[in-house]
Amino acid sequence: MGLRDRGLEIKTPAQIADMRRAGLVVGQTLELLRSSVRGGISTGELDAIAEDNIRSSGATPSFKGYHGFPGSICASVNDEVVHGIPGDRVLADGDVISIDCGAIVDGWHGDAAITVAVGDVPAEVTELMRATEEAMWRGIATARLGGRVTDISHAVETHVRSQGDYGILEDYVGHGIGSQMHLPPNVPNFGRPGRGPKLVEGLALAVEPMVTLGSKDTVVLDDDWTVITSDGSWAAHFEHTFTLTPRGAWVLTALDGGASALAALGVPYGGS
Ligand code: MG
Ligand code: MG
């Protein structure tokens, strides 16, 4: 367990290294799922692939049993934004699926999400996915030691707004992460910069914009989990877990630690 500073869990470098091991399992699992997505596969089959890969990597799926959640991934299709329950639903060409995945290694968590097109999707959906993923990276790239949590929020929102007339979910936000999947602070995907806790070494955050082609408002289905858009518009969700070192940002759930995406944004890579 890390030391806690005003409710924030501050990890040691050794604990961050353990989080990197969890993050790599998550990143590898998501890449396996990305390559498995196709018309005709069910979300339950994707869940089984994920659970097998997580467990064979010596990790534990953090979603499974979390407040009773039955899957190892969240599988959210089309107008489902987050928290979709994997099951019998069969993907068809033209669908879009958001896959959220978490794993635990030696008590330390990683949490990440991708949205994947099934075959060909409308150009506006491809643009939504691109804008959402870019916004996540802009948020991470903006984070600096000594800055504030909402610097990230502001960068995410600013990029999304610059890309189109999209809805940004406000009811669901990013979060601190470490010895638990969800820790303080909240990391909203909107708002003014310069607020919230200071960004310090040893803090780990999950940045996860959830963006729609229409409304920011959502409804939870009768399964008590699946979050859909209130207007039926389609959505995208990208997430990474990252930390800051004195050298720069280290994206713990990215296979390359975020090095290539950060370099493209002119930001130093902080990983080891
Ligand atoms: Mg997640
Ligand atoms: Mg998360």
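Modeller: Helices (H or I, at least four residues) and strands (E, at least two) are DSSP runs, numbered from the N terminus. The model is predicted, with pLDDT of at least 70 needed for local features and 80 or more for side-chain atom pairs, while totals for chains, interfaces and linings use all residues. Residues count from 1 along each chain as its sequence is written, chains are lettered from A and ligands numbered from 1 in written order, and side-chain values use heavy atoms, without hydrogens or water.

Colleague: By how much of the helix are Glu51 and Arg55 separated in helix H2?

Modeller: Glu51 and Arg55 form a salt bridge (side-chain nitrogen of Lys or Arg within 4 Å of a carboxyl oxygen of Asp or Glu), with closest N and O atoms 2.8 Å apart. Because both lie in helix H2 (residues 43–56), four residues apart, their separation is about one helical turn.

Colleague: How far apart in sequence are the parts that Lys64 and Glu51 tie together?

Modeller: Lys64 also meets Glu51 in a salt bridge, at 2.8 Å from N to O. Since Lys64 belongs to the loop between strand E3 (60–61) and strand E4 (73–77), whereas Glu51 sits in helix H2, the parts tied together are separated in sequence by 13 residues.

Colleague: Are Glu9 and Lys11 buried or exposed?

Modeller: The structure holds 12 salt bridges, among them that of Glu9 with Lys11, whose closest N and O atoms are 3.2 Å apart. By relative accessible area (buried under 20%, exposed over 50%, partly exposed in between; 1.4 Å probe, protein chains only), Glu9 and Lys11 are both buried.

Colleague: Which residue bridges the magnesium ion (ligand 1) and the magnesium ion (ligand 2)?

Modeller: Donors (N, O and S atoms within 2.8 Å of the metal, or 3.2 Å for Na, K and Ca; water is absent, so sites may look incomplete) to ligand 1 come from Asp100 (OD, twice), Asp111 (OD) and Glu239 (OE), at 2.0 to 2.5 Å. Along the chain they follow the spacing D-x10-D-x127-E. The two magnesium ions lie 3.1 Å apart, and the residue that bridges them is Asp111.

Colleague: How many residues apart are Asp100 and Glu239?

Modeller: Asp100 is buried at 7% relative accessible area, and Glu239 is buried at 0%. With Asp100 and Glu239 both donating to the magnesium ion (ligand 1), the pair links distant parts of the chain, namely strand E6 (residues 96–105) and the loop between strand E15 (235–237) and E16, and the separation is 139 residues.
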